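Q: I am new to this structure and would like a close look at a single part, the surroundings of the ligand. Please describe them with care and then place them in their wider setting.

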Amino acid sequence: MHVDPFIDPHPNLTPAVLQGLGWLYLVLSVMNVFWCARVLKQDEHVRIRLFGMLGKGVEIPRAASWAIYSSILATIAFMHMSWSSAEYIGKFWLSLTPDGLIESSIDSIVANPVSYFVLSIAGTAMMIFFREWLVKPTVGWIMLNVAILFMALSMTDYDFRQIVGKPDNVPIVALLYLVGGFTWLYFFHAVENDRRLENWDGEGAIPVLNNEDNEKVLVWPDLVYAELICMIAVTTVLIAWGIVLDAPLEEPASSAKTPNPSKAPWYFLGLQEMLVYYDPWLAGVVFPTMIIGGLIAVPYIDFNKVGNGYYVFKQRAFSVITFLFGFLTLWVAMIILGTFLRGPNWNIFGIYEFWDVHKLVALNNVMLSELFWVDLVTPITGFAPEYKNSDPESVKTLMILIREAPGFIALIAYFTVLPPLMAISCLKTFFHRMGFLRYMVFTHFLLMMAALPLKMVLRWTFNLKYLVNIPEWFFNI
Amino acid sequence: MTVSAACYAESTHSMSVGDYIRGSQIWKSIFRHPAPYDRRNRIVVMLTNFFLHLHPVSVKQQGIALSYTWCMGGITFFLFLVETITGVLLMFYYRPTLEWAYQDILALRDVTTLGVMREIHRWGAHAMVITVWLHMYRVFLTGSYKPPREFNWVVGVLLLVLTLLLSFTGYLLPWDQLAIWAITVGSNMARATPVLGHEGPGFQLLNLGGYDLITSGSDARFLLLGSRFVGEETLNRFYILHCVAIPLVAAGLIAIHFWRIRKDGGISQPL
Ligand code: HEM
């Protein structure tokens with residue numbers, strides 16, 4: 001198929017894109033040359049046998065496969081650069097097929113809140129579970145390569161570029177890679193410290209990383225120079241970023257023209273995503289306050305005194321797991337969802353999908369009170385908690401409370417029955433070591449945090465919109 | 001050999017330009033001690049220099065290990081300084097009125113020399129949000145919030161909130177579509193504040209003789225916007241919050257944050 005970039009308004013490939021990708025592949029190739037050198041120094045070999053039976057096979061250095069990979073990348077880089085003129089573009093083959101198998105299968109996973117959320121939870125859980133395998137340098141390196149190759153290939157899709165390339169969205173791409181990288185780095189250190197602590201007899205200094213010759217050094221020059229270099233590096237990055245990428249400036253403000261979608265600044269998109277599941281008074285006011293309050297409470301809740309001053313997992317498994325889920329799946333993943341996947345009418349779109357304003361998604365949400373009264377109780381008993389506008393206030397209030405009783409009971413049970421129940425079962429030791437007040441604060445913050453995923457599940461399974469639905473008082477939960 | 005040539009040879013031999021400058025009265029009046037080439041003067045420089053005395057004279061190796069601190073707190077602080085400097089420069093060109101705000105930003109983009117300051121300011125702000133999250137991430141993962149550093153963690157959380165608020169208030173200033181609608185979406189939440197928002201649960205609780213005290217003209221959102229919608233009063237409010245109020249509070253808290261790092265015994269160490 002011949003794509004003429006001067007005619008097609010949505011070209012998947014343009015000379016500029018191929019040029020840019022050429023540079024990206026070149027950088028990746030050079031990175032892998034360095035990696036190759038590192039592997040060569042370790043001097044490991046692998047045995048290659050043809051079809052597993054032809055003789056003993058040959059022994060080759062492990063680095064050889066990295067060398068081959070680097071040279072393939074270099075070739076690809078060269079190919080991009082030399083084919084990046086308009087006449088060749090139609091013949092260029094290294095790109096995602098529009099709506100092909102890869103694109104449509106990735107989109108069908110991410111463009112669905114259920115699979116997206118399950119995936120982010122499962123990803124975090126697997127990372128924690130397989131951490132010892134994850135932190136192998138080769139594994140980390142391969143994952144980095146896959147992440148960059150995924151990005152590079154996706155850039156050949158017009159719709160992907162539209163959303164990822166928005167100037168204000170570039171930092172979020174950076175955030176994604178930085179959070180991934182630092183999480184890996186954490187596990188890299190934590191797994192090593194776990195291993196060291198396991199073999200420790202408790203004598204002498206604690207044998208964690210950085211602590212072998214943790215002598216005092218003079219701040220001048222050791223720290224002052226490091227800071228200077230760091231400042232120069234940050235300044236350089238900022239200036240380069242500023243020159244390459246213009247700050248966005250759209251049309252002059254107009255209160256008459258509402259953009260679709262209207263999005264909050266990117267760092268609040270996790271909160272905006274909560275609006276799908278909770279009303280503004282919760283998603284926009286109560287939960288943010290709870291997040292801040294919960295963070296402030298962290299040092300006063302965590303009674304575990306070990307694990308201060310070094311990266312570790314096993315000694316603090318509970319607090320680390322809670323924090324990882326909170327930060328990675330409930331904050332970062334929600335921001336990614338809000339930024340890259342939420343389109344017009346707050347519908348969810350795939351990363352390779354065109355933002356169609358007319359996409360229709362059926363909504364048939366129900367209230368808990370409807371499920372309880374209309375579907376269950378009223379047909380049997382004939383009683384329906386309704387009121388007429390002429391009724392006195394006290395009757396109205398009573399009817400509302402009766403109508404919403406199932407939701408209130410569920411909520412009260414959630415917050416009052418679960419904490420003591422956990423105190424005598426799964427959180428027994430916590431309760432004993434924390435004392436009553438601390439334990440109560442802790443469990444309530446924990447239940448608040450769990451309220452978001454729980455509501456999501458209720459929405460996906462029962463189409464449940466509200467547990468308590470009192471529009472008369474602007475009170476919906 | 002002439003006398004002057006001999007003097008020249010002599011001076012190049014014994015005295016470099018650097019030595020000459022460091023020997024001058026001006027230099028000595030500023031720095032008051034010899035260059036930090038030996039141990040004694042490396043200590044003295046930390047004690048006598050105003051900027052360096054933020055630091056102790058010596059620290060444990062781990063405190064400066066990049067693999068430990070990820071340098072994220074330091075970078076956040078540096079970005080705060082960059083934002084202050086570029087922000088002051090931008091203030092010379094920007095007027096927070098409906099008539100001029102957008103025009104001034106346009107001019108920064110199209111005609112102003114060094115208009116790239118706007119880019120640096122905006123990307124610096126985004127970067128600061130990211131680095132402050134990563135800083136919190138590392139402080140948590142190293143357990144550095146545990147005693148005796150609980151309170152500094154609290155100060156940190158407040159700084160995190162202020163960083164987000166700084167970014168949020170600045171978002172409105174270009175006064176383009178992106179700006180007002182993002183602020184509209186963000187501030188609409190305040191309408192639903194329990195008791196204090198005119199669409200929040202319990203707003204009827206505050207009333208006098210049957211008249212609601214909380215209306216769209218007196219609720220939490222109105223306090224934030226100075227108006228019933230995002231308008232000129234909002235621009236003025238956000239401008240002052242962004243350029244004066246929040247930076248001052250943040251600077252004060254950063255000072256406390258750094259003071260507490262020293263008083264709590266420096267960067268956390270394995271015991
Ligand atoms: C404007 C924002 C902030 C600035 C400029 C800042 C700056 C710094 C700096 C320079 C350090 C020295 C060590 C390092 O770089 O890691 C530090 C340490 C620390 N920060 Fe922050 N920080 C900020 C926000 C926060 C936040 C959001 C938190 C936590 C919620 C926090 C909690 C701490 C704690 C507990 C320490 C002591 C760490 C230790 O001893 O290992 N800070 N901060």
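A: What follows begins at the ligand and then moves outward to the cores and the contact between the chains.

This is a predicted model, in which local features need pLDDT of at least 70 and side-chain atom pairs count only at pLDDT 80 or more, while totals for chains, interfaces and linings use all residues. Residues are numbered from 1 along each chain as its sequence is written, chains are lettered from A and ligands numbered from 1 in the order in which they are written, and side-chain values use heavy atoms, with hydrogens and water left out.

Around the ligand there are 25 residues, each having a heavy atom within 4 Å of it, and B:His135, B:Arg138, B:Gly156, B:His257 and B:Ser268 come nearest. Two of these also make polar contacts, meaning pairs of N or O atoms within 3.5 Å: a polar side-chain atom of B:His257 is 2.8 Å from a ligand nitrogen, and one of B:Ser268 is 2.8 Å from a ligand oxygen. B:Gly74 takes part through its backbone, where a polar atom lies 3.4 Å from an oxygen atom of the ligand.

Helices here are DSSP runs of H or I, at least four residues long and numbered from the N terminus. In chain B, helix 6 (72–91), helix 8 (116–141), helix 9 (150–172) and helix 12 (232–263) each give the shell at least two residues, and the largest share, seven residues, belongs to helix 9. Sorted by class, the shell holds eleven nonpolar, twelve polar and two charged residues, with Gly counted among the polar ones.

Turning to the wider setting, a nonpolar core is a set of buried Ala, Val, Leu, Ile, Met, Phe, Trp, Tyr and Cys residues joined through side-chain atoms within 4.5 Å, where buried means under 20% relative accessible area with a 1.4 Å probe, protein chains only. The largest such core has 114 residues, and those touching the most other members include A:Phe327, B:Trp133 and B:Tyr137. Helix 13 (residues 317–341) of chain A supplies the largest share of this core, 15 residues. Apart from it lies another core, of 22 residues, among them A:Leu238, B:Phe78, B:Leu162 and B:Ile254.

Finally, counting contact as heavy atoms within 4.5 Å, 95 residues of chain A are in contact with 91 residues of chain B.

Methods. Polar contact = N/O pair within 3.5 Å; in protein donor to acceptor, adjacent residues only side chain to side chain. Buried < 20%, exposed > 50% of the residue type's maximum accessible area, 1.4 Å probe, protein only.
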